[in-house]
Amino acid sequence: MALLLRNFRLVGFGDASASEIAVGADGSIAAKADAGARIIDCGGAWLSPGWADLHVHVWHGGTDISIRADEAGLKRGVTAMADAGSAGEATFHGLREYVIERQRETIKAFVNIGSIGLVACNRVPELIDERFIDVDRTLAVIEKNRDVVCGVKVRSSGVIVGAWGITPLQIGKRVAEIAGLPLMVHIGEPPPVLDQVLDLLSPGDVVTHCFNGKRGGSITDTEALFAHAKRLAEAGVRMDIGHGAASYSFTVAKESIRQSLKPFSISTDLHGHDLDGPVFDLATTASKLLAAGLSFEECVDGIAANPRAFLGLDAAPLAPGSRADFTVFDLADSDEEARDSQGNVLRLEKTFEPRLAILGAVATPAARAGREGSDG
């Protein structure tokens with residue numbers, strides 16, 4: 001059914017302006033409303049490009065930590081997401097058939113350099129030794145799935161690579177280069193040390209868990225390391241939040257933002273071990289970054305325009321003929337207690353509260369986790 005959106009405030013569209021948005025029955029933006037279009041009064045809420053989460057794990061049933069994509073998607077205000085390495089070359093076909101092709105949300109994926117992906121996450125790490133990487137098969141999977149693959153993922157921390165150190169990242173970077181794709185690297189506890197990781201990265205690559213507080217694996221461990229990370233970010237290496245159960249520190253976030261090292265994208269790393277806290281959803285994660293010092297507009301860019309552009313989606317889908325892809329939300333007053341991955345507490349004075357996810361000609365009610373039916 002055709003839609004007509006009214007009574008909203010635009011944010012995240014640059015200088016674009018609109019007092020109403022018409023969506024045809026085919027789901028595309030129209031120059032004028034169809035007769036009989038369903039009118040959606042947004043109640044003065046904000047309307048942004050559809051939110052995109054650059055780091056989730058939604059290969060439910062294919063790994064022992066992944067959640068169903070529904071838990072991270074439209075009902076949370078998120079219209080697009082990227083699975084961050086749940087599947088390696090051996091299981092990518094299943095992720096595509098059973099998740100990517102069946103969801104209404106736009107889903108793309110980073111291919112894990114480890115062939116088995118996260119099938120038994122951390123209990124059986126995907127990067128034990130050289131037998132766990134098959135360069136030829138990984139490149140073949142990438143070629144077969146170019147339309148949905150957005151990069152190569154390497155978890156480059158000690159609990160994954162053990163004594164193998166920097167080598168898996170070196171291989172992953174080479175595979176990404178051959179394929180002409182960006183690399184997403186998970187950083188954390190050494191080995192390898194973070195200096196080794198950062199030295200391998202190029203503009204367009206992604207550092208996820210950029211504000212983790214793990215000693216020996218944090219960008220704030222030394223002044224020289226922080227300066228190195230800041231130079232890379234200024235040169236085009238993408239800093240991604242990837243909150244997760246163990247990878248976001250209020251202290252690191254606030255200090256980094258204070259020193260003008262700001263994230264390119266705000267993402268959740270949603271999986272079965274953090275869905276019920278401390279992460280919950282993308283709106284809550286964005287609220288934590290707002291409290292840590294990002295501006296409202298920077299937060300919106302971090303959950304909309306920036307990750308959308310990375311995924312090859314229209315960063316500001318308002319032109320006639322574009323597919324309708326929006327999130328309607330409030331920025332509500334709050335006095336909520338939030339926790340980071342180390343259990344530290346920060347009080348949120350404002351929270352992002354999704355109301356609708358509009359994808360094509362369908363408007364889906366949305367709310368933060370545990371807030372369904374709430375007034376805020």
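## Sheet, helices and spaces in a predicted model

Strand 12 and strand 13 make a hairpin with five residues between them. In its turn, Gly343 has a positive phi of about 90 degrees. The model is predicted. Strand 12 covers residues 325–339, and strand 13 covers 345–359. The two run antiparallel and are joined by 13 bridges. One of the pairs sets Thr327 opposite Ala357 in strand 13.

**The sheet**

Strands of a sheet pair through backbone hydrogen bonds, either parallel or antiparallel. Where does the hairpin of strand 12 and strand 13 sit? Both strands belong to an open sheet of seven strands, in the order 3-2-1-4-12-13-14. The pairing in this sheet is mixed. Strand 3 and strand 14 are the edge strands, and each pairs on one side only.

The table gives antiparallel pairs from this sheet.

| Strand pair | Bridges | Residues that face each other |
|---|---|---|
| Strand 1 and strand 2 | four bridges | Leu3 and Val23 |
| Strand 2 and strand 3 | two bridges | Ala22 and Ala30 |
| Strand 4 and strand 12 | four bridges | Trp46 and Phe329 |
| Strand 13 and strand 14 | four bridges | Leu356 and Pro365 |

Start at the strand 3 edge. Strand 3 holds residues 29–30, and strand 2 holds residues 20–23. These two strands form a hairpin with five residues between them. Gly27 lies in the turn, with a positive phi of about 90 degrees. Strand 1, residues 3–10, pairs with strand 2 in the antiparallel sense.

Strand 1 also carries a backbone exception. Asn7 lies in strand 1. Asn7 has a positive phi of about 60 degrees, although it is not a glycine.

Further along the order comes strand 4, residues 38–49, which pairs with strand 12. At the other edge is strand 14, residues 362–365. Strand 13 and strand 14 form a hairpin with two residues between the strands. Here Gly360 takes a positive phi near 65 degrees.

**Two helices on the sheet**

Helix 8 and helix 9 both lie across strands of this sheet. Helix 8 lies across strand 12 and strand 13, running at about 135 degrees to strand 13. Helix 9 lies across strand 4, strand 12 and strand 13. Its angle to strand 13 is about 50 degrees.

Two packed helices are described by the angle between their axes and the distance between the axes. For helix 8 (residues 282–292) and helix 9 (residues 296–303), the angle is about 145 degrees and the axes are 9 Å apart. Their crossing is right-handed.

Which residues of helix 8 and helix 9 meet? From helix 8 come Leu282, Ala286, Leu289 and Leu290. From helix 9 come Phe296, Cys299 and Ile303. By class, this contact has seven nonpolar residues, no polar and no charged.

**Cis peptide bonds**

Gly277 and Pro278 are joined by a cis peptide bond, with omega at about 5 degrees. Pro278 sits in the loop between helix 7 (250–258) and helix 8. Another cis bond joins Pro191 and Pro192, where omega is about -5 degrees. Pro192 sits in the loop between strand 9 (183–187) and helix 5 (194–199).

**Cavity and pocket**

Rolling a probe the size of a water molecule over the atoms shows where empty space is left. In this model there is one cavity of 30 Å³ or more. About 40 Å³ of space lies in the largest cavity. Pro192 is one of its lining residues. The others are Ser156, Ile187, Gly188, Val193, Leu194, Val197 and Gly217. By class, the lining of the largest cavity has five nonpolar, three polar and no charged residues.

How much space lies in the largest pocket? The volume is about 320 Å³. The lining has 21 residues, and the closest to the pocket centre are Asn122, Arg155, His186, Asp269 and His271. Strand 8 (149–156) and helix 3 (158–161) are the elements that give two or more residues to the lining. By class, the pocket lining divides into seven nonpolar, nine polar and five charged residues. The cavity lining, by contrast, has no charged residues.

Methods
Residues numbered from 1 in each chain as written. Predicted model: local features only at pLDDT ≥ 70, side-chain atom pairs only at ≥ 80, totals over all residues. Heavy atoms only, no water. 1 Å grid on protein atoms, 1.4 Å probe; cavity = no way out; pocket = protein on both sides within 12 Å on 5 of 7 lines; lining within 4 Å. Points joined across faces, edges and corners; volume = space filled by probe spheres on them. Nonpolar A, V, L, I, M, F, W, Y, C, P; charged D, E, K, R; others polar. Pairing = 2+ DSSP bridges. Axes fitted to C-alpha atoms, helices over the stretch in contact; angles between N-to-C directions. Left-handed = near helix turned anticlockwise from the far one by under 90°. Contact = heavy atoms within 4.5 Å.
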